[in-house]
Amino acid sequence: MSNLSQRDAFWTRVYEMARENRDVIVISADMGAPALDAIRRDLSAQFLNLGIAEQNAVVVGSGLALEGKTVFIYAIAPFVTLRCLEQIRVQNAMMKIPLTLVGVGAGFGYADSGPTHHMLEDLAVLRAFPAIEIDSISDGVMARAVAERSIKERRINYVRLDRQTLPDLYQPGQDFDDGLAVLRPSECGVALIGTGVMTHQALAVADEIAKKGGPKLGVIDLYRLPVNGQALVQAVKGLKRVATIEEHFLPGGLGSAVVEALSDRNAGVAVSRFGLPAEKGYCYQYGGREALRGWYGVSLPQLVEGVRRLL
Amino acid sequence: MRGHNSALALSALPDLERHCQEIRTTILETCIKAGTGHVTSSMSCVEVLVALYRGGVMRYDPGNPQWNGRDRFVLSKGQASPALYVTLADAGFFPKAELDRFAQAEGIFGVHLQHSVPGVETTAGSLGMGFGLAAGMALAALKDRKNHLVFALLGDGELYEGSIWETAMFAAHHRLNNLVTIIDRNFLCTTDWTENLMRLEPLADKWRSFGFEVATIDGNDIGQVMAALKYVRSRRSARPLAILAETTKGAGIDSMADEPIWHGAAPTGAMIDTARTDLARSFKR
């Protein structure tokens, strides 16, 4: 099971578990996927296409969950989060009705679709709410594990899937309890922290720098928010600096979360943030994901240059 | 099958009518004491609540609010919480003394509806959401082949929320004939009449065109409310039911009724006696 898209890995696991559990209900806002088609075909009583109506999806889904159903709601990331944000606030954050929101297209996943389809604020917005966990998925193994955990634990979570098929970073059987993983130890007192697709970008930055004779940077995948502060402090112990890398506006994003967690614990580690400056605004640029990153200053060569200046 | 609440059910209309008077008095006194509460929004839906909880329409068990076989009642217009809290105290879900602590530090509830109160299903206050929750609950009941009903009470002001109509489409498409939607049609929003603000009429036609069976009644006439609700359990239609209950915002208190300025307020000062006198006088009519 290697290198499945996160979407297919996630929905395949949901499908397998839903076959054994009739209380699992999948709501789609008119979104398709091969594994979703299998649910629609084989488990039709557990599949609801509610059309492009995300507000209704969240309230109806919450009503089903109140009656004991385990509910997934699937749409393109900005629509399943921001379009129905107040419904999420009242039903889920406030009333604590368990529900799993599944958004595909984190960051520039829908690169050429334009800024309506870019998801650049979800971490900032959703981590402002109590009781909601954000699972920022970095590979198919994690997608599968998060699908399983969402059914077993019936929590309130937002699963942020990347649209791009990315190489697996983890081995099957990996446990994802800590909220972060040290993928590479640092040999120079500096580590990069990424999330989702940008963990892959962080690995590429570290590779490039090492290839050019630079020091071996640490790489941390921070895959769950709120940040597990204790685990983060442990992971950066002895380092002098970390650099966060995100495909998200800088205010309130991954970098902010890391700064808060380390500052609150007096970790004494400096933080540099690489992400999308809000002053740049939204991006009507085309030509692929890396081109959009370049417009904001987080393409691979720009990051390599920026990180080298920290060393 | 008789409901769990059969001991509380009042069968004669004059008894129910007298009970509405008692509930109105308690709502007014509760809000006067607290100095807050949406009195007028509460007054318009008293007959609906009395019919549901004391007219033998709904099945519930005040000793076991989470009883699985209960009919679900979702107050989508969460600002009418005083009406529901008074009704629930009256039905025995919690001690009536709790009403004296409405919106007080030591109390268990405040101005808008709170799901932690015994007998309350949802938190509401932000409008348009309770209807969707109710529809989801109704769908769950159909999927699980449970025969309880889900009642949703909506304000007409919240019909401006677009998600209401998303839910309406959904409810009709999925043939939620176990969902009973009651619209408290008091024609008034916070600042103006609905038909001045933005026309809702022809409202019955709107609901009908969305696939609902629609009944229009005088929602402050307990006889008409009982007649509309009496047979909801034996309805054979596959369509969800919408009851347009035409009411008066502030019904029973002439000095506050049909006046936008009284939205979200309780009488103070000299208005207290006026409101009490008005209410007492309305009982003699």
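Begin with chain A and chain B shown together: in this predicted model, the two chains bury about 1,900 Å² between them, and 63% of that area lies on carbon and sulfur atoms. To see where chain A contributes, select A:Asn56, A:Glu67 and A:Met95, the residues of chain A that lose the most area to chain B; together they account for 30% of what that side buries.

Next, widen the selection to every residue in contact across the boundary. This selection holds 23 residues of chain A and 21 residues of chain B.

Now turn to the polar features. Between chain A and chain B there are six residue pairs in polar contact, counted with both residues at pLDDT 80 or more. The interface also contains two salt bridges. To display one of the salt bridges, select A:Glu67 and B:Arg72, whose side chains meet at 2.8 Å, N to O.

Colour chain A by secondary structure next. Two of its elements, α3 (54-66) and α5 (85-94), each give two or more residues to the side that touches chain B. Of the elements, α3(A) gives the most, with nine residues. Colouring that side of chain A by residue class shows 13 nonpolar, six polar and four charged residues.

Finally, move to chain B and select B:Gly269, which is found in the loop between β5 (241-246) and α10 (270-284). Is B:Gly269 buried or exposed? B:Gly269 has a relative accessible area of 55%, and is therefore exposed, the cut-off being over 50%. Add B:Ile32 to the selection: B:Gly269 and B:Ile32 are 237 residues apart along the chain, and 9.8 Å separates their C-alpha atoms.

Technical notes: Residues are numbered from 1 along each chain as its sequence is written. Chains are lettered from A and ligands numbered from 1 in the order in which they are written. This is a predicted model: local features need pLDDT of at least 70, side-chain atom pairs count only at pLDDT 80 or more; totals for chains, interfaces and linings use all residues. Side-chain values use heavy atoms; hydrogens and water are left out. Contact means heavy atoms within 4.5 Å. Buried area is the accessible area (1.4 Å probe) that two parts lose on being put together, summed over both. A salt bridge is a side-chain nitrogen of Lys or Arg within 4 Å of a carboxyl oxygen of Asp or Glu. A polar contact is a pair of N or O atoms within 3.5 Å; within protein, one must be able to donate a hydrogen and the other to accept it, and residues adjacent in sequence count only if both atoms are side-chain atoms. Helices (H or I, at least four residues) and strands (E, at least two) are DSSP runs, numbered from the N terminus. Ala, Val, Leu, Ile, Met, Phe, Trp, Tyr, Cys and Pro count as nonpolar, Asp, Glu, Lys and Arg as charged, and the others, Gly among them, as polar. Buried means under 20% relative accessible area, exposed over 50%, partly exposed in between (1.4 Å probe, protein chains only).
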